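Student: I'd like a close look at a single part of this one, please. Could you take your time over it and then work outwards to the rest?

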Amino acid sequence: MIKRNLTANYLSQGWVALMGLAFIPLYIQYLGIEAYGLIGLFAVLQASLTLLDMGMTPTLNREMARFTAGAHTIQSIRDLLRSVEWVTFGIAVFVTVGIWAASSWLVSDWLRVGELPLGVVSQALSIMGVVTALRLVEGVYRSSLIGLQRQVLFSAVNAIMATLRWLGAVVVLVWFSPTIEAFFVWQGLISSLSVGVLACATYRALPEAEHGGRFSLAALRGVRRFAGGMMGVTFLALLLTQVDKVLLSRLLSLSDFGYYSLAVMVAGAVHVLVSPMTQAWYPKFCELYALNDREGMAAAYHMATQMLSVIVGSAAIVVIVFAGTLLQLWTQDSALTRQTATLVSLLTFGNLLNGLTSMPHQAQIAHGWPGLAVRINIVLVLLIVPSILWVAPRYGAEGAAWVWVCLNAGYLLIGTPFMYRKILAGEKLDWYLRDLALPLLAATFAALLVRWATPTPVSPFGQVAQLMLAAVSTLALATLAAQSLRKKLWHRLLGYPREVA
């Protein structure tokens, strides 16, 4: 099940990432960098408003996984789903109206708009509100399918919708209307379709109940403690991941914010690689915890972390070391590359550090213990807000990126060890050394060796060759340095007897 889900998730997320990134140069070409800044603002808005689901989406994911392990009846899980639906629908209406009401103020008092007409920006913000509300509703069914371990089905739907969403936007801009309003109207149409498809898939995946799903306050009260903890985790995580963008949208011109948004999108490829792994392993962690299988939990935890270090670490290190080459190959725009290369390296490094904490976080949530993440994130939020306010006016976007790197380094090295006092006791040293340090150091050595040994390429062919050599080298050395993963591959590929990692 893990292998199938992980494969499906990576194929889907890889395709989604390709669709999301491949056409950005075309969006900038047809809309301009200032309008692309609005697309970056939309991403911030969409991420920030996930707080309004009050922790219901991750809670529903967990409860669906527990249902597969026998912790819910068919009737109770359907009642919980219907109850979460009604709450989310109400929030979606609130989001739509709220953003529409605030659009004029955002244009006049928050954003530093340059060449775009203010009316166009205001209208685009109003449409953003509708799309954001629809994406919020999508999350209900997305988390349900993942928790039910119907991840192959979800991955297929996700890939198809991403193709329609991003490739379709190019068609709209090129052949119908090269405007930011048309871009967001298309996003709204695809989000409506996605909600319908995911809702049908979720209900078909659940067994029939005698009475169907009904709104139930008792069902919501049953998960309120966990949902409240998750809302706190989500709130603090959003502050950590989005406060730099929110503040920079005010401090930078809309065009400069467009460059920063471009760097954020490229660096976000790290999260694209992390997400399929957490989606695949989290239900397994929940199942092992429900079965009280401590040895199985520890083994799964180390295997998951080593896979993350090898796959995500290798890709991130290649981007960090070869950011300029990658951007030049992708955009064929030297000015754009100069504006964003350093930002891409810094933000990717910060995202890698953040991604390395994802498996400990998933283990905590599977154990029903969001409290540690809440406390750690409170400390980090108390640091990041004044840091951004002091650094951004003096050092701009690069200063804000360095703050992101330092905070995630603190989370990884200082905050995460507290987890091992309560769960997975005795696994901390192996996690730091065998799961993280060895694969990442091997990947870094390989990337720097390729950078030192090969000349700076000028032609696209040379750029592709250098990047391919770096990718293969880092992945190969990182895999050899990951003990549990290496032994598993030996067993599967060469038929060696399985050993205990």
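Student: In which helix is the place of Asp-430?

Tutor: Keep in mind that this is a predicted model. Asp-430 has its place in helix α18, which covers residues 428-453.

Let's start with how open the spot is. The relative accessible area of Asp-430 is 28%, so the residue counts as partly exposed: buried would need a value under 20%, and exposed one over 50%.

Now for the company Asp-430 keeps. If you set aside the neighbours within four places in sequence, Asp-430 is in contact with His-302 and Asp-435. For a sense of span, take Ala-323: from there to Asp-430 you count 107 residues along the sequence, and the C-alpha atoms are 31 Å apart in space.

Asp-430 also has a charged partner. Its side chain meets that of Arg-434 in a salt bridge, at 3.4 Å from N to O. Why does the spacing of the two come to about one helical turn? Because Asp-430 and Arg-434 are four residues apart in helix α18. As a rule, an α-helix has 3.6 residues a turn, so residues three or four places apart point the same way.

That pairing isn't a one-off, so let's look at the other bridges. The count for the model comes to four salt bridges. One of them sits in helix α5 (residues 74-110), where Glu-85 and Arg-82 are three residues apart, about one turn of the helix. In that pair, the closest N and O atoms are 2.8 Å apart. The two ends of the bridge sit in rather unlike settings: Glu-85 is buried, at a relative accessible area of 4%, whereas Arg-82, at 26%, counts as partly exposed.

Helix α6 (residues 118-147) has a similar story to tell. Arg-135 and Glu-138 are three residues apart there, so about one helical turn separates them. Their side chains meet in a salt bridge at 3.1 Å, N to O. Glu-138 has a relative accessible area of 4%, which means the residue is buried.

Back at our starting point, the Asp-430 side chain is bridged to Arg-434 at 3.4 Å. Elsewhere, salt bridges with shared partners join Arg-135, Glu-138 and Arg-165 into one network.

Next, a helix that is tucked away. In α16 (residues 358-366), nine of the nine residues are buried, so the helix is largely enclosed by the rest of the structure. The buried set runs through Ser-358, Met-359, Pro-360, His-361, Gln-362, Ala-363, Gln-364, Ile-365 and Ala-366. After α16 comes Gly-368, with a positive phi near 70°.

Then there's the open space. The second largest pocket holds about 790 Å³. Its lining takes in 29 residues, and the closest to the centre are Ala-269, Leu-273, Ala-315, Val-319 and Leu-326. Several helices pitch in with two or more residues to that lining: α1 (2-22), α11 (254-267), α12 (269-290), α13 (294-321), α14 (323-331) and α19 (460-481). The largest share comes from α1, with seven residues.

Last stop, the surface around helix α2. Leu-26, Tyr-30, Val-171, Val-174, Trp-175 and Phe-176 make a nonpolar surface patch of about 600 Å². The elements giving two or more residues to this patch are α2 and α7 (151-175), and α7 has the largest share, with three. Of the patch members, Tyr-30 is found in helix α2, and its relative accessible area of 32% means that Tyr-30 is partly exposed.

Leu-31 lies in α2 too, a helix that spans residues 24-31. Is Leu-31 buried or exposed? Its relative accessibility is 14%, so Leu-31 counts as buried. Beyond its neighbours within four places in sequence, Leu-31 is in contact with Ile-39, Leu-173, Pro-178, Thr-179 and Ile-180. Measure out to Phe-445 instead, and the C-alpha atoms are 40 Å apart, with the two positions 414 residues apart in sequence numbering.

Terms used
Residues are numbered from 1 along each chain as its sequence is written. This is a predicted model: local features need pLDDT of at least 70, side-chain atom pairs count only at pLDDT 80 or more; totals for chains, interfaces and linings use all residues. Side-chain values use heavy atoms; hydrogens and water are left out. Buried means under 20% relative accessible area, exposed over 50%, partly exposed in between (1.4 Å probe, protein chains only). Contact means heavy atoms within 4.5 Å. Patches are made of residues with over 30% relative accessible area and no salt bridge: like charges are joined within 9 Å, nonpolar side chains (Val, Leu, Ile, Met, Phe, Trp, Tyr) within 5 Å. Accessible areas come from the Shrake-Rupley method with a 1.4 Å probe; for residues, only the protein chains shown count as cover. On a 1 Å grid over the protein atoms alone, a cavity is a set of points where a 1.4 Å probe fits but cannot get out, and a pocket is an open set with protein on both sides within 12 Å along at least five of seven lines; lining residues have an atom within 4 Å of a point. Grid points are joined across faces, edges and corners, and a volume is the space filled by probe spheres set on the points.
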